Structures are given as structure tokens and as C-alpha cells.
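Colleague: Before we go through the contacts, could you show me the chain and its model, so that we can take the questions one at a time?

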Amino acid sequence: MEPEAGEDARPLASMVKGWRERSSLTQAQLAAAAGLNVRTIRRIESGDSGDRLQISTTNLLAAALELSTSERALLLAVARGAPVHTGCSPVFTGRAAELTVLDDLAGDPAAMVVAQIDGMAGVGKTALATCVAQRLADRYPDGQIFLDLHAHAEGMRPVEPDAALERLLHSLGVASDEVPRGLDERAALYRSRLAGRRVLLLFDNVLDERQIAPLLPGTAGGLVLITGRRRLVGLDLTRSLALGVMTPADSVELLAKSVGDDRVRGEPAERLHELVELCGRLPMAMRIAGARMRCHPSWTVADLVERLREHRSRASELDAGPGLSITAMLDVSYQHLPAAAQRLYRLLGLHPGPDITVDDVAALAGSTPRAAERQVEPLLDLQLLHEHAPGRYRFHDLTRHDAAARCGRVDPEPDRCAALDRLLDHRGRASPFPVER
């Protein structure tokens with residue numbers, strides 16, 4: 001069950017205990033998984049350790065509990081003494097329009113509501129879904145369950161449906177020796193346990209319809225929130241929300257929360273706005289920027305802006321270690337692509353303009369426009385590329401830099417030059433944009 005932030009006088013104790021029970025771990029098992037002494041776990045859960053932990057201990061707990069990005073951020077914040085706000089985590093910012101839409105999901109108790117939040121890597125899907133789940137929790141008195149399916153988790157394989165059902169059954173009180181062996185039998189028991197109950201289910205980081213379909217309840221009365229990079233067009237969804245980048249104002253606010261108000265106080269507004277634009281107004285990138293500044297107390301906003309202006313080093317600058325790396329985050333999506341789509345992704349990074357036509361795709365790939373439309377589908381599917389009009393595509397700025405950097409590392413210079421020659425031949429030698437080889 002998801003811990004209820006703000007209901008316990010000792011929020012750190014409540015959160016750790018709730019996440020441990022969700023993972024079906026004893027205190028001894030959590031201690032072993034985290035490499036900690038079991039007495040440490042007992043002190044944390046009893047509140048004897050207070051509401052502050054060393055960063056190293058916090059990171060070990062987060063890894064052992066397999067916390068999501070937003071949960072890890074909440075744990076770190078509380079472990080450093082930040083107040084816990086009922087509803088959303090202390091670092092959650094903005095998204096007023098999206099919250100208004102999603103707050104209406106829990107309207108009809110006679111309906112089974114299934115909603116997806118999709119978007120590119122790092123756009124804040126988990127944070128938004130977690131905030132919504134916490135805001136709506138009181139409407140689902142029979143429980144709330146969070147399950148990360150690890151579709152795009154660095155170094156982890158996606159959770160198979162049968163394993164996911166086993167975890168869900170444990171969360172519903174089914175003992176290990178009572179869990180059936182077969183997928184269909186597990187799904188049937190799971191749905192019978194949910195029948196007639198008002199439960200909120202949050203499935204984070206979903207890969208595809210095959211992974212999530214067996215986990216959907218069979219009766220009305222509950223709410224299912226799904227997050228993922230792919231849009232699940234094969235599911236019968238009540239609501240589908242495509243999450244984009246943040247507004248400039250919300251981006252600056254998130255940056256201030258990430259680095260600390262004292263570090264941005266007095267900074268010119270135009271410099272702060274330049275920094276968030278260099279981060280692509282992507283929540284993960286702004287959190288990384290904040291983490292980088294915290295690690296370098298002498299840096300000013302101007303120092304980080306200067307580093308990020310050099311586009312060839314932007315990805316390396318937006319790297320704050322495990323779990324906070326733009327390159328690593330995009331690499332997981334890249335690795336899910338077939339080889340041909342990986343090559344196309346890299347070659348599109350050579351395009352010097354913001355607007356890429358289907359004919360441009362064909363020229364760079366050395367194919368026909370009809371073939372190019374098919375070849376680009378995997379990139380659209382994983383939201384590495386966006387179709388803003390029929391046959392016209394755009395990268396997010398950070399994704400474009402990533403594609404170009406990969407092309408420079410992987411594709412030999414003759415192949416890059418040949419692709420650019422094809423693009424210039426298509427555009428005409430009097431090209432409307434400059435081309436760097």
C-alpha cells in the first residue's frame with residue numbers, strides 16, 4: 001500500500017514502513033537488500049532516528065525499495081528535514097491544467113476508470129500520477145497500490161505480467177503459497193480479490209498493452225492510473241493525457257525548488273529563463289541542473305548557463321549520477337529501438353533545422369518517402385520524435401543533441417557525409433539552412 005504522506009507525526013517512519021510493506025519485505029529482508037543493519041531499519045520505522053537520514057543511507061533504501069523517481073525525491077526531501085505536504089511531494093510544481101483534468105477521474109463509483117499519462121522521457125509523468133493518486137486517495141478507502149513495471153528503468157528488465165500479478169496479490173494479502181502458478185489463474189484470483197472494492201492502482205513505467213492488460217481489474221469501482229512513454233492505443237482508456245514540457249514560469253519555480261531559493265534569489269529573470277530553456281523545460285533536466293549546482297556551491301546560474309550553451313557538452317553537464325542523467329534516460333529508449341530505427345534516430349540528429357519533413361527523413365535514410373513514414377514510427381512510438389503536423393517532425397532540443405552526439409560516436413564520417421549530401425540534394429544546393437559536417 002502507498003504510504004499516506006502527512007498523516008503520521010513521523011513521516012519518514014511512515015513512508016519507509018509503507019514502501020517496505022508494499023514490497024512484501026520484512027525488516028530483516030530490507031536491511032539485507034540495502035546493506036544496512038536491521039537495527040537501523042527498526043529505528044527508522046519506530047521514529048527513533050528522527051526525520052533525518054544520511055544521504056548514503058537514503059540512497060541505499062531507495063534502491064532496495066525500488067522507489068520511482070518521484071518517490072526517491074520525496075524520500076530525499078523528507079530525510080533532509082523538508083516538510084511533507086498532503087497531496088503532492090514538496091518538489092512537485094505546476095501542472096495546474098493537467099491536475100484539473102485528472103482530478104475529475106474519480107467521479108462515477110459505478111465505473112472502472114482507466115487513465116494513461118504518456119510523454120517523453122523525463123517529462124514528469126510519475127510525479128504527476130503520484131500527485132493525482134495522493135489527491136484522490138480518500139475516494140478509494142479500500143486501498144492504494146503502486147507498482148513500477150520498469151519498462152524504461154536503467155539496468156532493469158521490464159516486469160513480466162505473471163511477476164507483476166504475484167506482487168499485486170501479495171499487496172492484497174495473498175500469501176506466497178496461495179499464489180497460483182499460471183498467468184490466467186493469477187489474473188482470475190487478482191480480479192476476484194478486487195471485486196466490490198474501491199481501490200486505486202498506479203502502474204508506473206508501463207511498456208505496452210501486453211504487459212498491462214492482465215493487470216486491469218475486471219469490475220467497476222476502482223481507478224487505474226498508467227504512466228509510460230508509449231501511447232497505449234490498444235487499451236480501452238477512459239482518459240489519455242499527453243504530457244508536454246512545463247511552462248517557463250513553472251520551470252523557473254521547479255529550478256528554484258531543486259537548487260534552493262537562496263541560490264537563485266537576485267538572479268536576473270532573463271538568465272533564469274535562459275537556463276530553463278537550455279534544459280528544454282524538461283522537469284528531469286531542471287532537477288539535474290539543480291543537483292549540479294548543489295554539488296558545486298561556488299557555481300552561479302551564469303556558470304551553469306555558460307556550460308550548457310556549448311551544445312556538444314550539454315548531455316554531460318546534465319548528469320548528476322545514477323538515476324539523474326539525461327543521456328542514461330534517453331539511452332533506455334534508444335536501446336528499445338530496432339537497429340534500423342536506431343540508425344535513423346542518429347541520422348536525424350544531422351538535420352540542422354527544427355522542422356523535419358518526411359522527405360528529409362527519406363533523404364537522410366536513403367529511402368523513399370513512403371518507407372520513411374514507416375521507418376519513423378518507432379521513434380514516434382517512444383516519443384523520441386514528435387509529429388507536430390502530418391509528415392512534419394520535431395525533436396525536443398535535448399533529444400536532438402543526443403541523436404547528433406550518438407551519430408558522431410557511432411556512424412563513420414563517410415556515412416554522415418553521404419547522408420548530408422542526400423539531404424542537400426533533396427533541399428537543393430542553395431540550402432535554406434547551414435549544414436555542419
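Modeller: This is a predicted model, and a good place to begin is the salt bridge that arginine 231 forms with aspartate 118, whose closest N and O atoms are 2.9 Å apart. Arginine 231 lies in the loop between β4 (223–228) and β5 (239–242), whereas aspartate 118 belongs to strand β1 (residues 113–118), and the pair thus links distant parts of the chain, 113 residues apart.

Colleague: Is aspartate 118 buried or exposed?

Modeller: Its partner arginine 231 is partly exposed, with a relative accessible area of 42%. For aspartate 118 the relative accessible area is 0%, and since the cut-off for a buried residue is under 20%, aspartate 118 is buried.

Colleague: How many residues apart in sequence are the parts that glutamate 45 and arginine 20 tie together?

Modeller: Glutamate 45 and arginine 20 form a salt bridge in which the closest N and O atoms are 2.5 Å apart, and both glutamate 45 and arginine 20 are buried. Because glutamate 45 lies in helix α3 (residues 38–46) and arginine 20 in helix α1 (residues 11–22), the parts tied together by this pair are separated in sequence by 25 residues.

Colleague: Which helices does the salt bridge between glutamate 317 and arginine 292 tie together?

Modeller: In this salt bridge the closest N and O atoms of glutamate 317 and arginine 292 are 2.8 Å apart, and glutamate 317 is buried, as is arginine 292. The pair ties together parts that are 25 residues apart in sequence, because glutamate 317 and arginine 292 lie in α16 (residues 314–317) and α14 (residues 283–295).

Colleague: How many salt bridges does the count come to?

Modeller: Some of the salt bridges share partners, and in this way Glu274, Glu306 and Arg309 are joined into one network. With a side-chain nitrogen of Lys or Arg required to be within 4 Å of a carboxyl oxygen of Asp or Glu, the count of salt bridges comes to 21.

Colleague: Turning to the helices, within what arc do the buried residues of α4 fall?

Modeller: Helix α4 (residues 55–64) has as its buried residues Thr57, Thr58, Leu61, Ala62 and Ala64. Seen down the axis of α4, these residues line one face of the helix, because the arc within which they fall is 165°.

Colleague: What arc do the buried residues of α8 cover around the axis?

Modeller: In helix α8 (residues 161–171) the buried residues are Pro161, Ala164, Leu165, Leu168, Leu169 and Ser171. They are on the same side of α8, because the arc that they cover around the axis is only 155°.

Colleague: Which residue with a positive phi follows α8?

Modeller: For comparison, α4 is followed by glutamate 66, whose phi is positive, near 55°. After α8 the phi is again given as positive, near 95°, and the residue is glycine 173.

Colleague: Among the aromatic residues, is the pair of tyrosine 334 and tyrosine 345 stacked, edge-to-face or tilted?

Modeller: A search of the whole structure finds 2 aromatic pairs. In this one the ring centres of tyrosine 334 and tyrosine 345 are 5.8 Å apart, and because their planes stand at 50°, the pair is tilted.

Colleague: Which residue joins tyrosine 334 and tyrosine 345 in a cluster of ring pairs?

Modeller: Tyrosine 345 is buried, with a relative accessible area of 1%. The ring of tyrosine 345 also pairs with that of phenylalanine 395, with centres 5.9 Å apart and planes at 80°, so this pair is edge-to-face. Tyrosine 345 lies in helix α18 and phenylalanine 395 in the loop between β8 (392–394) and α22 (397–410), so the pair ties together parts that are 50 residues apart in sequence. The residue that ring pairs link with Tyr334 and Tyr345 into a cluster is Phe395.

Colleague: Which residue has its charged end over the ring of tyrosine 334?

Modeller: Tyrosine 334 is itself buried, with a relative accessible area of 7%. The charged end that sits over its ring, 4.4 Å from the centre, belongs to arginine 406.

Colleague: Finally, which residue in β8 is the bridge partner of isoleucine 356?

Modeller: The open sheet has 3 strands in the order β6-β8-β7, with antiparallel pairing. Because β6 (356–357) and β7 (386–389) each have a single partner strand, they stand at the edges, and one side of each is left without a neighbour in the sheet. β6 is joined to β8 by 2 bridges, and in β8 the bridge partner of isoleucine 356 is tyrosine 393.

Conventions:
Residues are numbered from 1 along each chain as its sequence is written. This is a predicted model: local features need pLDDT of at least 70, side-chain atom pairs count only at pLDDT 80 or more; totals for chains, interfaces and linings use all residues. Side-chain values use heavy atoms; hydrogens and water are left out. Buried means under 20% relative accessible area, exposed over 50%, partly exposed in between (1.4 Å probe, protein chains only). Helices (H or I, at least four residues) and strands (E, at least two) are DSSP runs, numbered from the N terminus. The arc is that of the directions from the helix axis to the C-beta atoms. Rings of Phe, Tyr and Trp (its six-membered ring) pair if their centres lie within 6.5 Å; planes under 30 degrees apart count as stacked, over 60 as edge-to-face and the rest as tilted. A charge sits over a ring if NZ of Lys or CZ of Arg is within 6 Å of the ring centre and within 35 degrees of the ring normal. Two strands pair if DSSP finds at least two bridges between them.
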